[in-house]
Amino acid sequence: MDDPILSRRDALKIGVLGTAALALPLTVSLDAARASELPESRVPRPFTRHDVFVRPPVLAPVGTDPADRPEDVRDVYHVRMRQFTAQLVPGYATTMWGYEGAFPGPTFRIQRNRKVRVRFLNDLPLRHPVFGYEPTTSVHLHGAPSAPQYDGYASDTSRPGQHKNYLYDNSQAARTLWYHDHAVHHTAENVAMGLAGQYQVLDAAEDLIGLPQGEFDLPLTVTDVAFTARGQLLHDDRGDSGPMGDVLLVNGVPYPAFPVQPRKYRLRLLNASIARGYRFQLQPTAPLTVVGTDAGLVHDPVDTADLRMAMGERYDVVVDFAPFRGRRVELRNLGVENSIDYDHTHRVMAFDVLDVDPDPAGNGPVPRPLPVQPHPLMALQAGHADRTRRLRFQRGGSEWTINDETWADVERSEFRRVVADPDLGDVELWELENSSGGWFHPVHLHLVDFRVLTRNGRPPTPYEAAGPKDVVYLAENETIRIITRFGPRTGRYMLHCHNNSHEDHDMMAQFEVGEDGPSPFSAPPQGVPKALRPA
Ligand code: C2O
Ligand code: CU
Ligand code: CU
């Protein structure tokens, strides 16, 4: 990769050519040295700054909303979205947007069934620093079956100066979720500016299982960025294909190195990139033990040498560093088809294993099976489906489409148009089709988790068959069959590609469960938009 086949300028041309260029077989010529325009010597390099791994702070409630019944009490959280500067490159101040002025945003850690109300205030500036649009926002809690009006419906936006209260019941199985922006047509830019963070639903029963806890339970939010010559975030979505950064961040830090004990850790992996898929592997090779999927702990943990993750996917893995006392273990990225490999995007972070005696307490084997019930969705078979639907994910004209339609069609229908209308409790089998070799689509359904039945008629990978998912990596030239039971709520919910650039232009649709669900717009945002305030 020392001789770039394609210069950055060429890559930009592909971006500018847009649709025409997309017809080219992108796979052949996408190796390049770098995307950033910074002087080569300034671009962050793997593991050059030590001990900079950052664990985002845990958010504390500001109070409680009392209720007649104790189980209805809600803890109240206040989150302000604002512009801030990050020190990603020594000597440069990079403008970003973040929840509570940080990227990633603070971590929510919430006990299961504890209800919360989160007031998200859009305190962003009136214009995006590069694109100039007014930064409207909508907050989605990805992995939660929220009521429609609290689900971050893309067109239910708040303007700068406005806030909106979101109610979350946290009744789903304990799991790793994330919250991120979902504003119509600007999700990619808003998330790329930093509007994303982890949200963990915890369960007291889980604490007794013997999985690593506390300081040994690490959130790892992985993203990729590129920098302009002035050290600002470079936004090049390559003609709606999605940006590919040449610098990887873990929890907002470029290629961190982190000292660890020679023992087991739980890593909550989240791919929060806009368009980059990863295939993670440890070097030296060691098993990644998958104990959780998008939908929480699995019954049978799965050991895997490598783990492919599309945007939006989460996996909880246990890694044992005990065999590596005094050595460095790297988290590597083997890369995936149709992502651009730059000189350093095959390295992610380093774990420097301390040369000390391991603490035998709390370092027992991962129980097999885990003492959790197999998830009922995993018992669903094709024969249980009330009906089957087929959804084609395609490039059509200058847009990304689902069954030849886009979110613009939903808008034109005054938000009535749906691609599916199951009744509450219906079981449906969906065939997701990507007949292109030029790109993949992480397909995400709101509200439900689902079981992945087959990929091109073959079983899915063992780790994605270990438990339900809410995003599935629909790879090049694949048809995937998924099955789910629609619920636990009625209403209209989005489904979309989680390449945020595809989603914005305009690969998003909706389904409606039942007929009497609440409107996804029913809670109007509060506050006077900044733009309308007297100066
Ligand atoms: Cu993570 Cu609809 O999104
Ligand atoms: Cu979601
Ligand atoms: Cu896509």
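Colleague: Let's start with the largest pocket: which element gives the largest share of its lining?

Modeller: That's β17, with five residues. Keep in mind that we're looking at a predicted model.

Colleague: How much space lies in that pocket, and which residues are closest to its centre?

Modeller: The largest pocket holds about 840 Å³ of space. It is lined by 44 residues, and the closest to the centre are A173, R175, A295, H375 and D449. Apart from β17 (296–304), the elements giving two or more residues to this lining are α4 (204–207), β25 and β28 (478–485).

Colleague: How does the lining of the largest pocket divide by residue kind?

Modeller: There are 23 nonpolar residues, 13 polar ones and eight charged ones. Take the five at the centre: A173 and A295 go with the nonpolar group because Ala is on that list. R175 and D449 go with the charged group because Arg and Asp are on that one.

Colleague: What about the second largest pocket: how much space is there, and which element gives most to the lining?

Modeller: About 520 Å³ of space lies in that one. Of its 37 lining residues, A192, L234, H235, D236 and P243 are the closest to the centre. The largest share, four residues, comes from α3. At least two lining residues each come from α1 (8–17), α3 (187–192), β10 (217–225) and α6 (500–504). By kind, the lining splits into 21 nonpolar, eight polar and eight charged residues.

Colleague: On to the metals. What makes H441, C497 and H502 donors of the copper ion (ligand 3)?

Modeller: Their ND1, SG and ND1 atoms, in that order, are at 2.0 to 2.1 Å from the copper ion. The cut-off for a donor N, O or S atom here is 2.8 Å, so these three atoms qualify. Along the sequence the donors follow the spacing H-x55-C-x4-H. Within that pattern, H441 in strand β25 (residues 441–445) and C497 in strand β29 (residues 491–497) are 56 residues apart, and the pair links distant parts of the chain.

Colleague: How do you know whether H441 and C497 are buried or exposed?

Modeller: Buried means under 20% relative accessible area. H441 has 0% relative accessibility, so H441 counts as buried. C497 has a relative accessible area of 0% too, so C497 is buried.

Colleague: Which residues are the protein donors of the copper ion (ligand 2)?

Modeller: H140 and H444, each through NE2, lying 1.9 Å from the ion. That pair also links distant parts of the chain: H140 belongs to strand β6 (residues 139–142) and H444 to strand β25, 304 residues apart. H140 is at 1% relative accessible area, so that residue is buried, and H444 is buried with 1% as well.

Colleague: Now the aromatics. How many pairs are there, and why is F415 with F521 called edge-to-face?

Modeller: The whole structure has 27 aromatic pairs. The ring centres of F415 and F521 are 5.0 Å apart, with planes at 70°. Rings pair if their centres lie within 6.5 Å, and planes over 60 degrees apart count as edge-to-face, so this pair earns the label. F415 lies in the loop between α5 (407–412) and β24 (427–434), while F521 lies in the segment after β30 (508–513), 106 residues away.

Colleague: Why do F415 and F521 get the accessibility labels they have?

Modeller: F415 is at 17%, under the 20% limit, so F415 counts as buried. F521 has 28%, which falls between 20% and 50%, so F521 is partly exposed.

Colleague: What kind of pair do F486 and F511 make?

Modeller: Their centres are 5.3 Å apart and their planes are at 70°, so that one is edge-to-face. F486 sits in the loop between β28 and β29, and F511 in strand β30, 25 residues apart. F486 and F511 are both buried.

Colleague: And which residues form one aromatic cluster?

Modeller: Y77, Y99, F108, F120, Y166, Y168, Y179 and Y199.

Colleague: Last one: where does N251 lie, and what makes N251 buried or exposed?

Modeller: N251 is in the loop between β11 (247–250) and β12 (253–254). With 2% relative accessibility set against a limit of 20%, N251 counts as buried. Leaving aside neighbours within four places in sequence, the contacts of N251 include F53, R55, F103 and L220.

Note on methods: Residues numbered from 1 in each chain as written. Chains lettered and ligands numbered in written order. Predicted model: local features only at pLDDT ≥ 70, side-chain atom pairs only at ≥ 80, totals over all residues. Heavy atoms only, no water. Donors = N, O, S within 2.8 Å, 3.2 Å for Na, K, Ca; no water. Buried < 20%, exposed > 50% of the residue type's maximum accessible area, 1.4 Å probe, protein only. Contact = heavy atoms within 4.5 Å. 1 Å grid on protein atoms, 1.4 Å probe; cavity = no way out; pocket = protein on both sides within 12 Å on 5 of 7 lines; lining within 4 Å. Points joined across faces, edges and corners; volume = space filled by probe spheres on them. Phe/Tyr/Trp six-rings, centres within 6.5 Å; stacked < 30°, edge-to-face > 60°.
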